[in-house]
Amino acid sequence: MAAERTFAMLKPGVLSRRVVGEIISKIERKGFKIIGLKMMNVTIELAERQYAEHKGKSFYLDLLEYIVSGPVVVMVLEADQAIKLFRLLCGSTSPEQALPGTIRGDYAMHTSINIIHASDSKESAVREIDLFFRPEELIDWEDGNQKWI
Ligand code: CMP
């Protein structure tokens, strides 16, 4: 099966809580190959582009305020069925429904600050990767452990 790429963001607050390493560990342990990784501040313009589909919804302005409120860690992950498997690992958007063992199930209490973003479709993944990463920031390294993943 051809490897698929997905976009991940550890949202504001994760750095403050000092759990970036723990969350990345969960992602690595599952078997995702990290091909892009950086820390950044999201500008309001970038946040508006990322969440354009939510414009007009009741939570839209709070969502923008949250995303620009502190530094984030963004990643591009590669795996067979990366989009579906990464969303499973993150758990439900609503932490009330996210199962224990998932990232939101273990680290989040409220939908409005649900700590992690995962692309929801191939189209979103392509769009979000393109929004947050330049092509030269993605490193398609040789993975000697691939047969065990
Ligand atoms: P994310 O996966 O980044 O995609 C859209 C975000 O909007 C979502 O995570 C939440 O942070 C936020 N969101 C979605 N639904 C709600 C809601 N009902 N109330 C508050 N925030 C929401």
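Which residues lie nearest the centre of the largest pocket, and how many residues line it? In this predicted model, the lining of the largest pocket is made up of 20 residues, and those that lie nearest its centre are Tyr51, His54, Thr93, Asn114 and His117. The space within the largest pocket amounts to about 410 Å³. With regard to secondary structure, helix H3 (60-67) and strand S4 (116-118) each contribute at least two residues to the lining of the largest pocket, and the largest share, three residues, is supplied by S4. In terms of chemical character, this lining comprises five nonpolar, eight polar and seven charged residues.

The ligand sits in the largest pocket. Around the ligand are found Lys11, Tyr51, His54, Phe59, Leu63, Thr93, Arg104, Thr111, Ser112, Asn114 and His117, and this shell divides into three nonpolar, six polar and two charged residues. Among the residues around the ligand are Tyr51, His54, Thr93, Asn114 and His117, which are also the residues that lie nearest the centre of the largest pocket.

Contacts between the ligand and individual residues involve both side-chain and backbone atoms of the protein. An oxygen atom of the ligand is placed 2.7 Å from a polar side-chain atom of lysine 11, while a distance of 3.3 Å separates an oxygen atom of the ligand from an N or O atom in the side chain of arginine 104. For threonine 111, by contrast, the contact is made through the backbone, a polar atom of which lies 3.4 Å from an oxygen atom of the ligand. Of the 460 Å² that the ligand exposes when taken alone, 76% is buried by the protein.

A further pocket, the second largest, encloses about 250 Å³ of space. The residues that line the second largest pocket are Ala3, Lys30, Gly31, Phe32, Lys33, Glu78, Ala79, Asp80, Leu85, Gln146 and Ile149, and they divide into five nonpolar, two polar and four charged residues.

Terms used. Residues numbered from 1 in each chain as written. Predicted model: local features only at pLDDT ≥ 70, side-chain atom pairs only at ≥ 80, totals over all residues. Heavy atoms only, no water. 1 Å grid on protein atoms, 1.4 Å probe; cavity = no way out; pocket = protein on both sides within 12 Å on 5 of 7 lines; lining within 4 Å. Points joined across faces, edges and corners; volume = space filled by probe spheres on them. Helix = DSSP H or I, 4+ residues; strand = E, 2+ residues; numbered from the N terminus. Nonpolar A, V, L, I, M, F, W, Y, C, P; charged D, E, K, R; others polar. Near = heavy atom within 4 Å. Polar contact = N/O pair within 3.5 Å; in protein donor to acceptor, adjacent residues only side chain to side chain. Areas by Shrake-Rupley, 256 points an atom, 1.4 Å probe, with all protein chains shown as cover. Sits in = over half its atoms within 2 Å of the grid points.
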